[in-house]
Amino acid sequence: MPLPLILASSSPFRRGLMENAGLRFEAVAAEIDERAIEAPLEQKGATPDQVALVLAEAKALDVSRRFPGAVVLGSDQTMSLGARVYHKPKDRREAAENLLSLAGRTHQLNSAIVLARDNEILVREVAHARLTMRAFNAEFVETYLDRVGETIFRSVGGYQLEGEGIQLFSAIDGDYFTIVGMPMLPLLEHLRNLGVIDA
């Protein structure tokens, strides 16, 4: 009998990816303070990959402690441009500033997955996608923000590629799942190897 699988997240995007893949799982939000974990990492100069992995690990372990025997999936994503790590915008002004700083440049999404069972890490992996925004001006950004409304606060970059956010880009190098927030192909391979899903 397959091991029970738990997604340590309340993210509708990640839940949707797993449901669409036909996975049977339960979703349980991790009870952690992401910013409290992230701040000292950034002060120590942690890479965007390291930040994503530490946060994914914290989520997986938090839920694993509460559900013995289950395989728990923690996932997190950081967005980086060089050494700069972006966060979800606090307000419209910050969203506009972020988008303008990315215009005409290539940034990276770093999507981490961690699988844990009985408070032990089984798998740690980070997948990457590189996205190039086309050059655009402040007037376009204001028009774009008017159209997409509150959705800008749901993602780090202020865009959803599955919606109007696609209009911001000139090139994308990476798979859709990694961009949306969970690298599904390596995840499914790990779940097969662990006996969580049929091989």
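Mentor: Two residues are in contact when they have heavy atoms within 4.5 Å. The model before us is predicted.

Trainee: Which residues does Asp-62 touch, not counting residues up to four places away in sequence?
Mentor: Asp-62 is a residue of helix α3. Residues up to four places away in sequence are set aside for this purpose. The contacts that remain are with Ala-30, Glu-31 and Ile-32.

Trainee: Is Asp-62 buried or exposed?
Mentor: The term buried applies under 20% relative accessible area. Asp-62 has a relative accessibility of 13%, and therefore it counts as buried.

Trainee: What distance separates the side chains of Asp-62 and Arg-66 in their polar contact?
Mentor: A pair of N or O atoms must lie within 3.5 Å to qualify as a polar contact. The side chains of Asp-62 and Arg-66 satisfy this, being joined at 2.5 Å.

Trainee: At which residue does UniProt place the feature "active site"?
Mentor: The annotation comes from an unreviewed UniProt entry. The residue concerned is located in strand β3, residues 71-81. According to that record, the position is Asp-76.

Trainee: Is Asp-76 buried or exposed?
Mentor: Leaving aside neighbours within four places in sequence, Asp-76 is in contact with several residues, including Arg-14, Glu-34, Asn-110 and Ser-111. Its relative accessibility is 6%, and the limit for this class is under 20%, so Asp-76 counts as buried.

Trainee: With the side chain of which residue does the side chain of Asp-76 make a polar contact?
Mentor: The contacts of Asp-76 include Ala-52, Leu-55, Ala-56 and Lys-59. A polar contact between side chains, at 2.7 Å, links Asp-76 to Lys-59.

Trainee: At what angle do helix α2 and helix α3 pack?
Mentor: Helix α2 covers residues 34-43 and helix α3 covers residues 48-66, and their axes are 10 Å apart. The crossing of the two is right-handed. The packing angle is about 145 degrees.

Trainee: How many residues of the contact of α2 with α3 are charged?
Mentor: On the α2 side are Glu-34, Ile-37, Glu-38 and Leu-41, which meet Val-51, Val-54, Leu-55, Ala-58 and Lys-59 in α3. The division is 6 nonpolar and no polar, and the number of charged residues is 3.

Trainee: Which residue takes a positive phi just after α2?
Mentor: At the start of α2, a side-chain oxygen of Asp-33 comes to within 3.3 Å of the backbone nitrogen of Arg-35. Just after this helix, a positive phi of about 80 degrees belongs to Gly-45.

Trainee: Where is Ser-11 found, and which backbone nitrogen does its side chain reach at 3.3 Å?
Mentor: Ser-11 is in the loop between β1 (5-7) and α1 (12-20). Ser-11 is buried because its relative accessible area, 15%, is under 20%. A polar atom of its side chain lies 3.2 Å from the backbone nitrogen of Arg-14. The nitrogen reached at 3.3 Å is that of Phe-13.

Trainee: Against which elements do the buried residues of α4 pack?
Mentor: Helix α4 spans residues 92-102, and its buried residues are Glu-94, Ala-95, Ala-96, Asn-98, Leu-99, Ser-101 and Leu-102. The elements they pack against are β3, β4, β5, β6 and α5.

Trainee: What is the phi of Gly-104, which follows α4?
Mentor: At the start of α4, a side-chain oxygen of Asp-91 is within 3.3 Å of the backbone nitrogen of Arg-93. Gly-104 follows the helix, and its phi is positive, near 75 degrees.

Trainee: What phi does Asn-119 have?
Mentor: Asn-119 is in the loop between β5 and β6, as is Asp-118. Asp-118 is not a glycine, yet its phi is positive, about 50 degrees. Asn-119 is likewise not a glycine, and its phi is positive, about 65 degrees.

Trainee: Which residues does Arg-147 touch, not counting residues up to four places away in sequence?
Mentor: Arg-147 belongs to helix α5, residues 138-148. It is partly exposed, with a relative accessible area of 38%. Arg-134 is 13 residues from Arg-147 in sequence and 18 Å from it in space, C-alpha to C-alpha. The residues that Arg-147 touches are Glu-164 and Gln-167.

How values were computed. Residues numbered from 1 in each chain as written. Predicted model: local features only at pLDDT ≥ 70, side-chain atom pairs only at ≥ 80, totals over all residues. Heavy atoms only, no water. Helix = DSSP H or I, 4+ residues; strand = E, 2+ residues; numbered from the N terminus. Buried < 20%, exposed > 50% of the residue type's maximum accessible area, 1.4 Å probe, protein only. Axes fitted to C-alpha atoms, helices over the stretch in contact; angles between N-to-C directions. Left-handed = near helix turned anticlockwise from the far one by under 90°. Nonpolar A, V, L, I, M, F, W, Y, C, P; charged D, E, K, R; others polar. UniProt positions renumbered as here; feature names shortened; annotations may be inferred. Polar contact = N/O pair within 3.5 Å; in protein donor to acceptor, adjacent residues only side chain to side chain.
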